[in-house]
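Hi everyone, thanks for coming. Have a look at the sequence and the structure on the screen, and I'll talk you through a few spots.

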Amino acid sequence: MATEVLMPALSPTMEEGTLAKWLVREGDRVKSGQILAEIETDKATMEFEAVDEGVVGRILVAEGTAGVKVNTPIAVLVEEGETVSDAPAPVAAPVAAPVAVVESRSEARPTVAAVAAAAPVMAASGWPHTDLPEGPTRTMTVREALREAMAEEMRADPTVFLMGEEVGEYQGAYKISQGLLDEFGARRVVDTPITEMGFAGIGVGASWGGLKPIVEFMTFNFSMQAIDHIVNSAAKTLYMSGGQMGSPMVFRGPNGAAARVGAQHSQDFAAWYAAIPGLKVCMPYTAADAKGLLKTAIRDPNPVVFLENEILYGRSFEVPVDGDFTVPFGKASILRPGSDVTVVSFGIGCSHAMAAAEELAKEGISAEVVNLRTLRPIDYDTVLASVMKTNRCVTVEEGFPVGSIGDHLASTIMQRAFDHLDAPVVTCTGKDVPMPYAANLEKFALITPAEVVAAVKSVCYR
Amino acid sequence: MAKKPETRPNVSKEDLLKYYREMLLIRRFEEKAGQLYGMGLIGGFCHLYIGQEAVVVGLEAVAKAGDKRITSYRDHGHMLACGMDPKGVMAELTGRIGGYSKGKGGSMHMFSKEKHFYGGHGIVGAQVPLGAGLAFADKYLGNDNVTFTYFGDGAANQGQVYETYNMAELWDLPVIFVIENNQYAMGTSVKRSTKSTTLYGRGLAYGIPGEQVDGMDVLAVKAAGEKAVAHCRAGKGPYILEMMTYRYRGHSMSDPAKYRTREEVEKIKTEKDCIEHVRDLLTQGGLASDEELKAIDKEIKAIVNESAEFAKESPEPPLNELWTDIYA
């Protein structure tokens, strides 16, 4: 009886991976627990073990193949004595051409076509991107963009250093800091124990002592352990010292829902941090946002909360080649111009907003998608100008509904552009529940493009 | 607490007079602050340092230029001891523009970048990792400065203290953890909050050496401080000094201090007072006459009165100060 060996999911957000290396050959006898192959996810290279005993009857996906979808059959195990021809005919594996999308090798830049084939979700490169400066661009993932921003700023300023859990020798829990230890050494890429409150406080103290720390939280869920230092120590000291000393530093890491990790590891803190005077808050969507905003954040003399997104890490966008490219704070970008409705979002919400806009276009509704990029300061002018043009507004975010960024925008628009509104502002948010684990419930809890489409139709009275 | 030394310690007249003067300044300043609070000129929380003066004065005696200090909300003494201007401190207490934070910080939140005083922190225990962070910066920058990180016996039960111990020792940070054990965390005595009442000993679990010191004896404090500073400057990592001390006043101005007896307080005042101790050393050793000491008392009184006058006369911050210093 032949058994199919399927491409495994090796991280919560993995949808596909690279079959880096086979460690067995056709005809080899394998035992349960034996390592069959090395599989590269977007985070790490993992060893993949056999579950069943048997003989490798056929290898279906050649090593070096990228973009192998989870659950694709990659090999067939047969029983002793059984021949390969007895095994069921292998299904042709739906894989992309073997392009080396290996992030650690910066010289092996994937082509746009290869990335498009590999990326399951639409990249922004095909959309109007009115905020990018003139000049050449290259395609890179959000992950590469963040890494490059840190590396460039660390090269430029010897007082910039990175600290956090697994940032050094492990090369980053999400591979954001991969290679930085090799380049900058353990003095500047500091592995900490699992002790968020302690190292956040040490980071703030170091910023007062003349350094520019980048404090990485493995995820922002763990920043709850450290929020006292972010809010009470970092954000308020400039004010409480009458302007004598501030906290030039960045707190960064993934924020928002990942995939199937349950309530304690899936939540968006954008509105929480955006409520605090003294902090600046960024939430990039594209790789260009990520790179340009992180460079600005590191240079900024204030404490910056920099909210990344695990699901966006592997997505690719166009980023200016210019090493001096930065994105200013408080400047939204128009991801897609439109005339019927303004859809305001930030972070991964932009992905849903853009997908909805595509859908709406098919029905003759022209949506203008505004990407806030920073939540403190917020670019009210761009939002208000767009709403005054379209007369309708829908906000999109992943966070909880009460006290959301959308609530704040709705109130601002009501107060400053009331006469321009043809419909109430509708706020699309995550549901008002802890994130469930079950796949169907999780999907239901999160904001979807379909909900954005429905909201837009409601404000357009369609 | 140790008894007063029987023999005359090996210390110069100048040094003793200096400690006397500095401790007296703190005491008179705090008494005046208490008065101004009673008059309604100081608002909110106001935590007086009276009784504990020997701790900061003894440790400042071993500090050198560039060394840093950070403490809790009971911070007036630390500021005066490191040379901050009493006028600026008192005017901050009254919430005036002439205060160190332009009236925007208050009693608990004052800073002086010039004097390397990094606050003044209102969250119990938060200053401990912050202090270690200052030390992290000094080590990173390659100088031999140390950071005095003060906290009380109450803060010693906060988890972040132990997170910090762990990293400070792991990374050999030049930080001196000074536990000012005044025996009461607000109204809770050490005995009622922990069974491991030898607080410095908790550092041993992380490999940090430390010792208990008679915090009412400025000379004992200075001697222990010298040892700790030498350890830190030599790159050997952190050191813990548990200063056994006592506050004479309540936790804050609004604390009736019913959790201890009047006799307990009086006994310490009579037998252990840090200023009387130095005064005795000066007079009994024939190092200073009553007239000399009276002249110092008068001089200190004048400085404190001047600071109070300044704090009353300095205007309130203009309303536009509400909006400044939020972002650099």
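So, start with A:Glu16: its bridge partner in β7 of chain A is A:Lys69. This is a predicted model, by the way, so keep that in mind as we go. That pair belongs to a strand pairing: β2 of chain A, residues 16–22, is joined to β7, residues 65–69, by three bridges, and the two run antiparallel.

Now, β2 in chain A has another neighbour. Strand β4, residues 35–40 of chain A, pairs with β2 through four bridges, again in the antiparallel sense. If you want a spot to click on, A:Thr18 sits opposite A:Glu40 in β4 of chain A. And how many of the seven residues in β2 of chain A are buried? Five of them, so to speak: β2 is mostly covered.

Okay, cysteines. A disulfide is a covalent bond between the sulfur atoms of two cysteines. How many disulfides do we get over all chains? Zero. Why does A:Cys282 have no such bond? Its closest cysteine sulfur is in A:Cys350, and that's 13 Å away, too far for a bond. A:Cys282 is also buried, with a relative accessible area of 0%.

Over in chain B, B:Cys232 is in no disulfide either, and the nearest cysteine sulfur, in B:Cys82, is 18 Å away. B:Cys232 is buried too, at 4% relative accessible area.

Last bit, still chain B. An unreviewed UniProt entry puts "domain: Dehydrogenase E1 component" at residues 22–318 of chain B. Over that stretch, the chain is 44% helix and 10% strand, and the end C-alpha atoms are 34 Å apart.

Terms used
Residues are numbered from 1 along each chain as its sequence is written. Chains are lettered from A and ligands numbered from 1 in the order in which they are written. This is a predicted model: local features need pLDDT of at least 70, side-chain atom pairs count only at pLDDT 80 or more; totals for chains, interfaces and linings use all residues. Side-chain values use heavy atoms; hydrogens and water are left out. UniProt positions are given in the numbering used here, feature names are shortened, and annotations may be inferred rather than shown by experiment. Buried means under 20% relative accessible area, exposed over 50%, partly exposed in between (1.4 Å probe, protein chains only). Two strands pair if DSSP finds at least two bridges between them. A disulfide is a pair of cysteine sulfur atoms within 2.5 Å.
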